[in-house]
Amino acid sequence: MTEPKETRKEAGAGLIQYSTENLVPFGPIHPALKEPEYFKLYLRGETIVDVIPRIGYVHRGLEKAAEQRRWTQNTYMFERTCGICSFAHSLAYVQAVEGLTSYEIPQRALYIRLIVAELERIHSHLLWVGLLGHWAGFDTLFMWVWRDREIVLDLVEAVAGNRVHKSLATIAGVKKDIPDNMKGKILERTKHLADRAYFYKGIVDTETTLLARTRKVGILKAETAQKLCAVGPLVRAAGLARDVRADDPYAAYGDVPIDVVTRGDGDVFSLLHVRLDEIVTAANCIDYALAHMPSGPIRLKIPPNIPVGEYATHIEAPRGELFYFVKSNGTAIPERVKARTPTLANLPTALELLKGHTMADVPVVLTAIDPCFGCMDRLSFVDLDTRNQWSWTGEELRQYGIKRYFPERKT
Amino acid sequence: MTSQSDDLIRNIEGTVKGLGGEVQSSTKDAITVKLPVERLIEAVRAVTERYGLSHLSTMTGLDSGDNVEVLYHFWKGDVIASLRISVPKSITHAPSIVEAVPGAILYEMEVHDMFGVVFDGNPWMDRKLLLPDNYPSDLPPPLLKGTKSSDIRKAVGVER
C-alpha cells in the first residue's frame, strides 16, 4: 500500500463546504472498471458522501458517424460499440431498422437470434461473476469461472465464426444458419454450463470471502431502482420483475417460455444469484429454441433504401435494457441513429449505491452494475482535512479492500 | 396485444390532447406525441404517475432544421410512449424533468452536450458528461447537422 505521495495546499480549494470531507478522484484509468471513467468521490472519514461522474473518455462519436454511413454498414459499426454484448447491439440496431420496414422476418432467423443472444448472456454473466470474485479477493472463483467462459466462447465461435464480434445479425435476417449436427454440441455444453452455475451458487452461499464482501453491500431498494430508471439484473435483484424479453417480446422470445429471475434483497449477493440463475434460464431457453426451431430461409434480400419514418425499440442485453432509436429520410443513409446502453441507465443508481459505503467497497459496488466503459489503472485521493493528495493503483485499492475485511490474511 | 396496453395508449392520447398536444403516431404498442414545451412537466407527471410508465428509457435529440427536437421515451410492459418537444435553435432552453424523473439527469446532460439544449433546473447543467474538456465553445454542438465531423476532429486535436 502506498503512503500519501504528495501534499498540495490548494487541493480542493473550491470545496469549502466539504471542509471535513475528502475528495477522491476515481479514474479515469482504473481496472475496477473495464473502460475509462472518472468518479470524484467525496469522503467524510472513510465514508463516501457524494459522487460526481465524468464519462466520455471512449466516446467515439458513433451516432455522428452513423449519419455518414449506409444502413448496412452501420450494422457492423454498432456491433463494435461493445466487445461483450456485441450481438445485442447489432440485434437492437437491425430490429430498429426492420421496424421502419414491413418485411416479415423469417422465423428461423428469429430463433437463431435468440440462441446467439442467450449464448452471449451466458458469456457476459460468467465474465461478471469471475470479475466480482477477483475484486472481492477470491481469485480461485475468477479462474474457475473464466475457464468455463472459454466453453461458451468456443460455442459462439462454432456458431458465428468469431469469438467476440459475431457479425451474425443483418437487416431482415441472420447471416449464418445453425446446422442440425451442431445442435447436440450446443445442448451438451450449455447443459454443462448450467450445472456449473448451480455449483457456483453453492460456493456463493457458503464461501466466507464472498459472503463478507457481498452480503448487505450495495443494497438497492426497488423504489430507488424505479426512480432512477435502472435496468437489467440490477433491478431484478432488487425485486422488480422487469425484463424486456418477457414484457415486450422480440426475436423468438414470444414463443419461448422465459423465467424472469428476481430476488428481494438488492445487495451484491442477490445480484450474484440473479446472474447465476439467469445462466440456467438462458441454457433452458437455448434448449427449447433448438428443439422448436422451424426450418426455412434465414434472411431476406432487401433494397438499400429504408422507408421514411422513426422507430424506437429495445432488447434485453446481458446488462439490461438496450435502447435504439432510428430515423430514416428514405435514403440508404440514416438521418439519425441513437443508442442508449444499459450502463448509462445504471450509472445514476451506481452513484447512489456508493453513498454510505467505504472506499474498500468501491470496486465491488461499481463492478456490481457490470460497468462497461474501458480500462482504468490509477486513482488519486485528496484528503481535505490534511490537504493530502495521493495515488493508488487499482491493485492497491483491491488489496486495501481485502485487508480491511480480512486483516489477518496474507496478500 | 393486451387490452391493457390498448387502454394505456387511449389514455395517453386523451391526456395529451387535453394538454394541447398532438398525437403524431399511434400503433398497438407505441405512441408518439408532440407537446408544447410549457406543458411538458405536466405530461411527464401524468404519464409516470397516473399511468405508471415510470421508466424513462432514454432521451433522444433530433436536429430538424430550425429546431432541436427532444424525445422522451417511456416504457411499461409492451408499450413505448415517446413525448416530443421542439425547441428553437435560437432559444435552446427547455424545462428539466429531473424532479419528476430523477433518472433523467444524465440523459439531459447528454442532450445538452450533443445538441446544446439547456435544461433549466438540472443541477449538473454546468458540467460536461461526454464531450472532451477541450471542445471549443465557438463550435456548435457535435450532433447538429451543420457541424462537420472534420471540424470536430480538428477542434479536439485528432485530425489525421
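Reader: Across which strands of chain B does helix α1 (residues 3–18) of chain B lie?

Author: The model is a predicted one, and in it helix α1 of chain B runs at about 5° to β2(B), a strand that covers residues 30–34. That strand is one of those the helix lies across, and the full set is β1, β2 and β5 (79–88) of chain B.

Reader: In what order do the strands of the sheet in chain B stand?

Author: The sheet is open, it is formed by 5 strands, and their pairing is mixed. Its edge strands, each pairing on one side only, are β1 (22–26) and β3 (55–64) of chain B, while the twist averages 20° from one strand to the next. Read across the sheet, the order is β1-β2-β5-β4-β3.

Reader: Do β3(B) and β4 of chain B pair in the parallel or the antiparallel sense?

Author: In general, strands of a sheet pair through backbone hydrogen bonds, and two arrangements are possible, parallel or antiparallel. Strand β4 covers residues 67–76 of chain B and is joined to β3(B) over 9 bridges, with B:His55 standing opposite B:Trp75 in β4(B). The sense of this pairing is antiparallel.

Reader: At roughly what angle do the axes of helix α3 (residues 86–100) and helix α4 (residues 107–136) of chain A cross?

Author: The two axes come within 9 Å, and α3(A) passes α4(A) in a left-handed crossing. The contact is made by residues including A:Phe87 and A:Leu91 of α3(A) and A:Arg113 and A:Glu120 of α4(A), and by class it has 5 nonpolar, no polar and 2 charged residues. The axes of these helices cross at roughly 145°.

Notes: Residues numbered from 1 in each chain as written. Chains lettered and ligands numbered in written order. Predicted model: local features only at pLDDT ≥ 70, side-chain atom pairs only at ≥ 80, totals over all residues. Pairing = 2+ DSSP bridges. Helix = DSSP H or I, 4+ residues; strand = E, 2+ residues; numbered from the N terminus. Axes fitted to C-alpha atoms, helices over the stretch in contact; angles between N-to-C directions. Contact = placed C-beta atoms within 7 Å. Left-handed = near helix turned anticlockwise from the far one by under 90°. Nonpolar A, V, L, I, M, F, W, Y, C, P; charged D, E, K, R; others polar.
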